Amino acid sequence: MSPLASSASTASMTIAWWKTATVYQIYPQSYLDSNGDGVGDFPGITSKLDYIKSLGVDVIWVCPHYKSPQVDMGYDVSDYEDVYEGYGTLQDAQTFIDESHKRGLRVIFDLVVNHTSDQHAWFKESRSSKTNPKADWYMWKDAKYVDGKRMPPNNWKAHFGGSAWEWCEEREQYYLHYFAVEQPDLNWELEEVRQAIYKTAILFWLERGVDGFRVDTSNMYSKNLEFPDADIVDPDNFEQPATKYYSNGPRIHEFLQEMNRETFAKYDAMTVGEAPHIFSVDVLAPFVSAARKEFDMVFEFDIAEMDCGKAPLHRMRRDWKISDFKKSTAKSQSYIDGTDLWITAYLENHDRSRMVTRFGDDSPEFRGPTAKMLATYLLTLSGTIFMHQGGEIGMINAPKTWSIEDYRDLDAIQWHAEQAKRGDDAWTKKVLDDLQHLSRDHGRLPMQWDNSKNAGFTTGTPWLRVHDEYEVLNVAEQEKDQNSVLNYYRALIALRKRHPALALGHFELLDPESETTMCYTKEYLQEKLLVLLNFSKESQRVDIPDGARLLIGTEASAKSLSAYEARVYLLS
């Protein structure tokens with residue numbers, strides 16, 4: 001058990017430690033390369049622990065580090081009890097855990113157990129025959145035959161394109177894969193499968209001191225075993241989006257309660273589930289109710305997908321309004337009022353592009369103010385806060401001059417290739433334009449440490465191109481500037497620790513209809529704070545109550561907010 005796995009302080013014994021935590025996400029491939037091979041690694045992360053501690057964060061979340069062929073950047077695991085060789089060794093991972101704990105930092109790892117790699121020993125055995133001991137460990141189905149032609153069991157489309165079913169010659173059957181062909185879905189219906197997952201993927205790491213997990217695709221384990229055809233929304237193709245069948249299956253809560261009981265609960269582990277397709281508190285509540293003992297919290301997707309189109313065009317941009325952004329925020333914040341639920345707050349991660357580009361203005365003039373304003377929004381919300389590496393310096397999306405050849409994300413590459421087959425040059429250009437706004441690669445660009453070659457990320461050739469503007473947008477430059485985005489983050493995180501209303505308080509939106517500002521109060525016990533945010537380039541008038549004391553922000557004019565300005569006031 002981790003030496004840090006205790007409850008909250010004596011002064012607030014009823015508040016779990018993770019409720020007031022700020023989590024710093026690391027994408028290991030892109031954080032820091034210690035040996036010049038162009039890939040980030042555990043020794044590189046460990047060398048930056050003092051920097052991470054200086055931010056004031058409480059928890060480090062490391063994206064998948066397991067042994068993997070890296071078809072989907074580590075989300076295709078071939079051995080849960082080993083480390084991807086590019087990231088180091090099992091001992092390197094242990095050193096990182098131990099050194100984090102020495103600095104008072106907790107560690108959570110990514111848990112990927114909806115599927116494995118097709119190179120995992122379990123799948124190699126399962127695909128070898130219909131009679132081997134692991135024959136039913138994955139989701140196998142017989143083919144359909146239409147006019148003598150072999151067809152998949154249904155018309156479901158995989159998340160990365162093509163059919164969700166792949167033919168296996170050895171068994172003469174199809175296997176299910178919600179994601180890439182190389183990521184076969186496990187059969188959670190079998191108890192022996194679940195127990196193997198608990199032992200190798202979870203307990204193995206909890207016994208080594210990990211403090212919890214971010215649980216990938218956590219509401220997809222229970223399948224609709226009837227496997228009905230999806231509704232036809234894309235008549236030009238056989239495969240159809242089947243998102244309503246992918247998530248929240250009939251046994252999902254049974255599985256999650258068992259997993260918690262058999263693993264997490266024994267170690268006081270923090271858990272946060274990735275749970276797409278949850279759009280109401282009624283669906284959310286069973287996952288995060290303290291009484292039900294499933295997860296501590298989950299990631300919602302309302303704001304994360306606010307500027308994304310509807311399936312099958314969910315990789316394309318759509319217009320959004322500040323009022324919708326505020327409505328989604330208020331809805332999520334309300335979930336904890338008078339309930340035993342808990343929530344998360346985030347704006348970017350390894351699956352999302354950069355928040356400054358998406359929700360503000362990344363031009364040189366406004367990228368700094370935008371980054372500070374969005375940081376203020378994020379760190380004044382109730383719930384557990386998740387920030388992504390590079391967000392603390394205001395990293396932005398890759399330049400629009402980059403071509404599809406500069407991208408590495410499987411999802412982006414396959415989507416672009418699929419759409420290019422239409423032979424419509426204007427449409428293909430729009431697809432690339434929208435990937436330049438939404439692609440996952442933007443959140444995976446190498447960390448920008450300084451203005452040396454490759455931004456100080458590697459002395460070799462980086463696995464993914466470094467941002468063109470790293471010479472002016474990097475950690476070293478911002479360390480020297482008292483007014484930088486980096487130092488503003490430090491001040492905000494410190495402010496959050498001093499004022500419990502920010503993490504635990506009741507949220508009240510004051511200007512729901514405005515399309516330029518977002519103003520709200522946070523109230524907890526005897527404390528009340530006012531947050532003022534300007535989402536526009538123009539100055540906006542605001543009302544400041546008499547006696548309000550500015551806690552953070554700039555106050556050029558007491559009566560108005562300048563472009564992308566943010567302020568936090570103490571009212572009582």
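**A tour of the sheets, helices and a buried corner**

Select strand β5 (residues 106-111) and strand β11 (residues 212-215), which run parallel and are joined by four bridges; two strands count as paired if DSSP finds at least two bridges between them. Within this pair, Ile108 stands opposite Gly212 in β11. This is a predicted model, in which local features need pLDDT of at least 70 and side-chain atom pairs count only at pLDDT 80 or more, while totals for chains, interfaces and linings use all residues. Residues are numbered from 1 along each chain as its sequence is written, and side-chain values use heavy atoms, with hydrogens and water left out. Helices (H or I, at least four residues) and strands (E, at least two) are DSSP runs, numbered from the N terminus.

Widen the selection to the open sheet of eight strands, whose order is β13-β12-β11-β5-β2-β1-β15-β14 and whose pairing is parallel. Its edge strands, β13 (297-299) and β14 (344-345), each pair on one side only.

Next, select helix α5 (residues 191-206) and helix α7 (residues 252-262), whose axes come within 11 Å and cross at roughly 50°. That angle makes α5 oblique to α7, since angles under 35 degrees count as roughly parallel, over 145 as roughly antiparallel, 65 to 115 as roughly perpendicular and the rest as oblique. Axes here are lines fitted to C-alpha atoms, for helices over the stretch in contact, and angles run from 0 to 180 degrees between N-to-C directions. To see the contact (heavy atoms within 4.5 Å), show Arg194, Gln195, Tyr198, Ile202 and Leu203 of α5 together with Phe255, Glu258, Met259 and Glu262 of α7.

Move on to the open sheet of five strands, ordered β16-β17-β18-β22-β20 with antiparallel pairing. The edge strands are β16 (506-509) and β20 (549-553), each pairing on one side only, and neighbouring strands of this sheet are turned by 20° against each other on average, direction ignored. At one side, β20 and strand β22 (residues 566-570) pair in the antiparallel sense over four bridges, and Arg549 has Leu570 in β22 as its bridge partner. Now add the helices that lie on this sheet: helix α11 (residues 367-379) lies across β17 (517-524), β18 (527-534) and β22, running at about 150° to β18. Helix α15 (residues 485-498) packs on the sheet as well, touching β20 and β22, with a direction that makes about 135° with that of β20.

From Arg549, go to Tyr407: their C-alpha atoms are separated by 47 Å, and the two residues are 142 residues apart along the chain. Tyr407 is placed in the loop between β15 (384-388) and α12, and at 3% relative accessibility Tyr407 counts as buried, where buried means under 20% relative accessible area, exposed over 50% and partly exposed in between (1.4 Å probe, protein chains only). Leaving aside neighbours within four places in sequence, Tyr407 is in contact with Trp402, Ile413, Leu435, Gln436, Ser439, Asp441 and His442.

Among those partners, select Gln436, which is in helix α13 (residues 425-438) and, at 4% relative accessibility, also counts as buried. Not counting residues up to four places away in sequence, Gln436 touches Asn397, Lys400, Trp402, Tyr407 and His442.

End with helix α12 (residues 410-420), in which Leu410, Asp411, Ala412, Trp415, His416 and Gln419 are buried; what covers these buried residues includes α13.
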